[in-house]
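Here are a few friendly notes to read alongside the model. Please keep the viewer open as you go through them.

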Amino acid sequence: MIMRTLKLSWLFALVIASSSAQAVTITVANNDGAGEGFNDTTAVTPVAGNAGTTRGAQRLNAFTAAANAWGAILGGNVTVVVSAQMNPLTCNQSSALLGSAGATTSFRDFTGAPRASTWYPIALANQLRGSDLNGSSSEISAQFNSTLDAGSCLNGTTWWYGINSPAPAGTLDFYTVVLHEIGHGLGVATLVNNSSGEKALGFDDIYMVFLQDHTSGK
């Protein structure tokens, strides 16, 4: 098996080097319809760090807190928009798709790109360029599994919407899962085809450049 080590510092170093030390604004765009997802009106009791009194409000509060946590440690002056939804996703008693997030597009050879002929996820490309390359479109698309709240997945496991607080037994920490997935949307992901090993349109992406294959010494 190929063992790989990711130099996580590239994401932070590239952004901070290209901008002032000011935090980047990450805005959450609620794409759910009335009465569902982030707009679910089911009454709930506030939990640690989350004063929401409806299920939808707690979901959105936790999601926004995770986005703000990323924004506070990244430098940049171009707002990152995360298009977010809660949807019924695959789950059963033994497994579940908790959620996913990814960059909506990537750019290469733009003014300010540190490396030629290399794809950069749009959120990172915007900061390096110092302007919005994709106009009014969102930079990250994300969705998370709303079915878990029904208690019908993973032997009754449900989401915990506390913020930056340990999840009780029998629950999954929504805040932490969102924090993880937003990282993928910001660029902790490769465009290389997992099956064929082919690069996107034959070009490197900046994430793959910072992967090391320790079996070959490279």
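The points below go from the whole chain to one helix pair and then to one loop residue.

1. A word on provenance: this is a predicted model, where local features need pLDDT of at least 70, side-chain atom pairs count only at pLDDT 80 or more, and totals for chains, interfaces and linings use all residues. Numbering starts from 1 along each chain as its sequence is written, and side-chain values use heavy atoms, with hydrogens and water left out.

2. The protein chain holds five helices and 11 strands (DSSP runs: H or I of at least four residues, E of at least two). Of its 218 residues, 39% are buried (under 20% relative accessible area, 1.4 Å probe, protein chains only).

3. Among contacts (heavy atoms within 4.5 Å) between residues at least 6 apart in sequence, 66% link residues at least 24 apart.

4. Helix α2 (residues 55-73) packs on helix α4 (residues 174-186) at about 50 degrees, with axes 9 Å apart (lines fitted to C-alpha atoms over the stretch in contact, angles running from 0 to 180 degrees between N-to-C directions). α2 is therefore oblique to α4 (not under 35, over 145 or 65 to 115 degrees). Residues making this contact include F63 and W70 of α2 and F174 and Y175 of α4.

5. Where is S138 found? S138 lies in the loop between α3 (122-129) and β7 (140-145). S138 is buried, with a relative accessible area of 18%. Leaving aside residues up to four places away in sequence, S138 touches V81, S83 and T104.

How values were computed: Buried means under 20% relative accessible area, exposed over 50%, partly exposed in between (1.4 Å probe, protein chains only).
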